[in-house]
Amino acid sequence: MHSIGKIIAESRKKKGLSQPELADLLSEQGIHVTAKAISKWETDAREPGLHTFFTLCRLLEIEDIYDAYFGVNPYSVMNGLNQAGKDRIKDYADILRASGLFKPDSNIIPFRPTAVFKDIYEDAVSAGTGNFLTDTPKNSYEVSGIAPDHASFGVRISGDSMEPEYLNGEIAWIQQKDSLSSGEVGIFYLNGEAYIKKLYDEPDGLRLLSLNKKYAPIIVQENDSFKVFGKVIGKCSSSDIHKRKQ
């Protein structure tokens with residue numbers, strides 16, 4: 001069994017990338033980390049989040065993470081073959097694709113309900129000083145075609161610290177998650193208050209950043225009460241919402 005750090009380090013070196021170069025590639029994917037953070041991963045002092053790790057697998061061309069981690073993937077069609085045998089399977093796969101006879105069925109139309117309802121927390125998060133999320137009033141809205149498919153709930157934004165991307169009064173759509181990758185925008189609980197901010201997870205600690213430069217970063221201290229509510233995956237204006245009773 002190999003560690004996550006060893007897999008990242010060996011794959012990076014195989015690609016001929018330095019740690020700063022890998023950090024630049026991640027930044028192009030919207031994941032902002034430093035070379036020091038990558039060094040922490042490679043020495044197993046810390047581990048990247050799930051989204052970041054899968055992005056690393058794509059950038060570093062780690063085709064079979066099961067095989068890379070455990071040394072062998074018993075469920076792989078390539079199990080028990082040397083590299084020459086694996087190359088033959090890939091060649092045969094190219095022949096099947098070129099034939100055009102085995103394309104995925106693209107005629108299946110996914111079922112979508114005619115009406116989708118989501119809860120929206122009223123005055124729940126602040127883009128300024130922070131307000132409570134727990135126990136705040138919420139209402140159910142019919143949001144078909146407005147909310148992203150994976151949204152768990154919506155929150156109404158208060159304040160201007162996330163302008164120009166997120167405006168006062170807009171609805172932010174949240175996918176409920178308990179962890180985020182560095183550089184992602186989410187909803188956070190900090191010492192009894194709820195914020196919409198961009199998370200930066202660096203070797204020297206966590207910071208919550210505003211997009212509006214007039215607001216200073218919020219430093220998450222070691223003894224603070226901190227929790228991730230979820231990731232912001234979309235937004236809409238209040239006028240887009242048509243309220244109905246469920």
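**Exercise 1. Which residue with a positive phi follows helix α3, and which residues of α3 are buried?**

The model is a predicted one, in which local features need pLDDT of at least 70, side-chain atom pairs count only at pLDDT 80 or more, and totals for chains, interfaces and linings use all residues. Residues are numbered from 1 along each chain as its sequence is written, and side-chain values use heavy atoms, with hydrogens and water left out.

*Step 1.* Helices (H or I, at least four residues) and strands (E, at least two) are DSSP runs numbered from the N terminus, and after helix α3 comes aspartate 44, with a positive phi near 65°.

*Step 2.* Within α3, which spans residues 35–42, the buried residues are Ala37, Ile38, Trp41 and Glu42, where buried means under 20% relative accessible area, exposed over 50% and partly exposed in between (1.4 Å probe, protein chains only).

*Step 3.* These residues lie on the same side of α3 because they cover an arc of only 140° around the axis, the arc being that of the directions from the helix axis to the C-beta atoms.

*Step 4.* Among the elements that cover the buried residues of α3 are α1 (4–14), α2 (19–28) and α4.

**Exercise 2. Determine whether glutamate 170 is buried or exposed, and list its contacts.**

*Step 1.* Glutamate 170 sits in the loop between β3 (153–158) and β4 (171–176).

*Step 2.* Its relative accessibility is 13%, and therefore glutamate 170 counts as buried.

*Step 3.* When neighbours within four places in sequence are left aside, glutamate 170 is in contact (heavy atoms within 4.5 Å) with Val155, Arg156, Ile157, Glu165, Lys235, Cys236 and Ser237.

**Exercise 3. Trace the strand pairings that start from β5, and state which residues stand opposite leucine 190.**

*Step 1.* Strand β5 (residues 185–190) is mostly covered, with five of its six residues buried.

*Step 2.* Two strands pair if DSSP finds at least two bridges between them; β5 is joined to the antiparallel strand β6 (residues 193–202) by six bridges, and to strand β9 (residues 226–236), also in the antiparallel sense, by five bridges.

*Step 3.* Leucine 190 stands opposite glutamate 193 in β6 and opposite phenylalanine 226 in β9.

*Step 4.* The hairpin of β5 and β6 has two residues between the strands, and asparagine 191 in the turn has a positive phi of about 50°.

*Step 5.* From β6, five bridges lead to the antiparallel strand β7 (residues 205–209), with leucine 199 opposite leucine 208; leucine 208 in turn stands opposite isoleucine 218 in β8.
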